[in-house]
Amino acid sequence: MFSVDMSVKDEHIDFQGIVDGLYYPWYMEVVRHRFVKEELGVDIEEAAKRGENWVLAEYTLTFKSSLKKGDAVTVTCELRPIEGSRSRFGFFQTIVRGGKVAAEASFTATCVPAAGGRPFIPEHVQSRLMAGT
């Protein structure tokens with residue numbers, strides 16, 4: 001499974017002394033973009049210049065414990081198929097602190113032609129999904 005070690009940023013701490021909830025998906029996005037580039041070989045900025053926009057359709061996020069200032073975390077990312085879909089694919093992600101899951105999320109993504117048209121799964125992503133990786 002793809003993972004990146006990170007540290008909680010001081011500016012993400014709220015008035016309660018914990019990470020503000022809106023930053024959990026931010027940490028996941030940073031790692032998801034690295035996964036797409038390093039594991040799938042896609043630079044999403046370059047893809048956008050070619051007219052292929054990678055977008056999120058939805059996500060669900062479950063908080064299990066609060067992150068605090070100075071916490072070292074590992075953020076994971078795994079590509080998953082969306083059963084029955086020909087245009088959407090998924091990413092399952094976790095934020096782990098001290099060997100325990102602090103948050104987990106499922107993100108549903110698709111690609112949309114910038115010029116308009118139907119959403120799609122890029123061929124190289126489709127082949128990875130079919131291979132089960």
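## A first look at a predicted protein chain

Phe 107 has its place in strand S5. With a relative accessible area of 2%, Phe 107 is buried, because buried means under 20%. Keep in mind as you look around that this is a predicted model. The protein chain has 133 residues, and 35% of them count as buried. Let's start with the whole chain, then walk through the strands and visit a few buried residues.

**The chain as a whole**

- The protein chain contains three helices and five strands.
- Read from the N terminus, the order of these elements is β-α-α-β-β-β-β-α.
- A compact globule of 133 residues would have a radius of gyration near 14 Å, and the value for the protein chain, 16 Å, agrees with that.
- Along its principal axes, the C-alpha trace spans about 45 × 30 × 25 Å.
- Among contacts in the protein chain with a separation of 6 or more, 64% come from residues 24 or more positions apart.
- About 7700 Å² of the protein chain is exposed, and carbon and sulfur atoms supply 49% of that area.
- The protein chain carries 16 positive and 18 negative charges, and the mean positions of the two groups are 3 Å apart.

**How the strands pair**

- Strand S1 covers residues 2–7 and strand S3 covers residues 72–81; the two pair in the antiparallel sense over six bridges. One pair to find here is Met 6 with its bridge partner in S3, Val 73.
- Strand S2, residues 52–63, pairs with S5 in the antiparallel sense over eleven bridges. In this pairing, Glu 58 stands opposite Thr 108 of S5.
- Strand S4, residues 89–97, also pairs with S5 in the antiparallel sense, over nine bridges. Here Thr 94 stands opposite Glu 104 of S5.
- S4 and S5 form a hairpin with two residues between the strands, and Gly 98 in this hairpin takes a positive phi near 60 degrees.

**Two faces of strand S1**

- Which residues make up the covered face of S1? They are Phe 2, Val 4 and Met 6, while Ser 3, Asp 5 and Ser 7 make up the uncovered face.
- In a regular strand, side chains alternate between the two faces of the sheet.

**Val 75, in strand S3**

- Val 75 is located in strand S3. Its relative accessibility is 0%, so Val 75 counts as buried.
- Leaving out residues up to four places away in sequence, Val 75 touches Phe 2, Ser 3, Val 4 and Met 6, along with Tyr 27, Met 28, Val 31, Gln 93, Thr 94 and Ile 95.
- Val 75 and Ala 103 are 28 residues apart along the chain, and their C-alpha atoms are separated by 9.5 Å.

**Phe 107 and Thr 108, in strand S5**

- What does Phe 107 touch, not counting residues up to four places away in sequence? The list includes Met 28, Arg 32, Leu 56, Glu 58, Tyr 59, Phe 89 and Phe 91.
- Phe 107 and Arg 118 are eleven residues apart along the chain, with 19 Å between their C-alpha atoms.
- Thr 108 lies in strand S5, which runs over residues 100–113. At 10% relative accessibility, Thr 108 counts as buried.
- Setting aside neighbours within four places in sequence, Thr 108 is in contact with Val 55, Leu 56, Ala 57, Glu 58, Ile 82, Arg 88 and Phe 89.

**Glu 52, in strand S2**

- Is Glu 52 buried or exposed? Glu 52 has 16% relative accessibility and therefore counts as buried.
- Glu 52 is found in strand S2. Beyond residues up to four places away in sequence, Glu 52 touches Ala 47, Cys 111, Val 112, Phe 120 and Pro 122.
- The C-alpha atoms of Glu 52 and Leu 22 are separated by 27 Å, with the two residues 30 apart along the chain.

**Val 19, in a loop**

- Where is Val 19? Val 19 lies in the loop between S1 and helix H1 (23–38).
- At 2% relative accessibility, Val 19 counts as buried.
- Apart from residues up to four places away in sequence, Val 19 touches Val 8, His 12, Ile 13, Tyr 24, Tyr 27, Leu 67 and Lys 68.
- Val 19 and Gln 93 are 74 residues apart along the chain, and their C-alpha atoms are separated by 17 Å.

Notes:
Residues are numbered from 1 along each chain as its sequence is written. This is a predicted model: local features need pLDDT of at least 70, side-chain atom pairs count only at pLDDT 80 or more; totals for chains, interfaces and linings use all residues. Side-chain values use heavy atoms; hydrogens and water are left out. Helices (H or I, at least four residues) and strands (E, at least two) are DSSP runs, numbered from the N terminus. The radius of gyration is taken over C-alpha atoms; the globule rule is 2.2 Å times the number of residues to the power 0.38. Buried means under 20% relative accessible area, exposed over 50%, partly exposed in between (1.4 Å probe, protein chains only). Contact means heavy atoms within 4.5 Å. Accessible areas come from the Shrake-Rupley method with a 1.4 Å probe; for residues, only the protein chains shown count as cover. Lys and Arg count as positive and Asp and Glu as negative; His and the chain ends are not counted. The place of a charge is taken as NZ of Lys, CZ of Arg, CG of Asp or CD of Glu. Two strands pair if DSSP finds at least two bridges between them.
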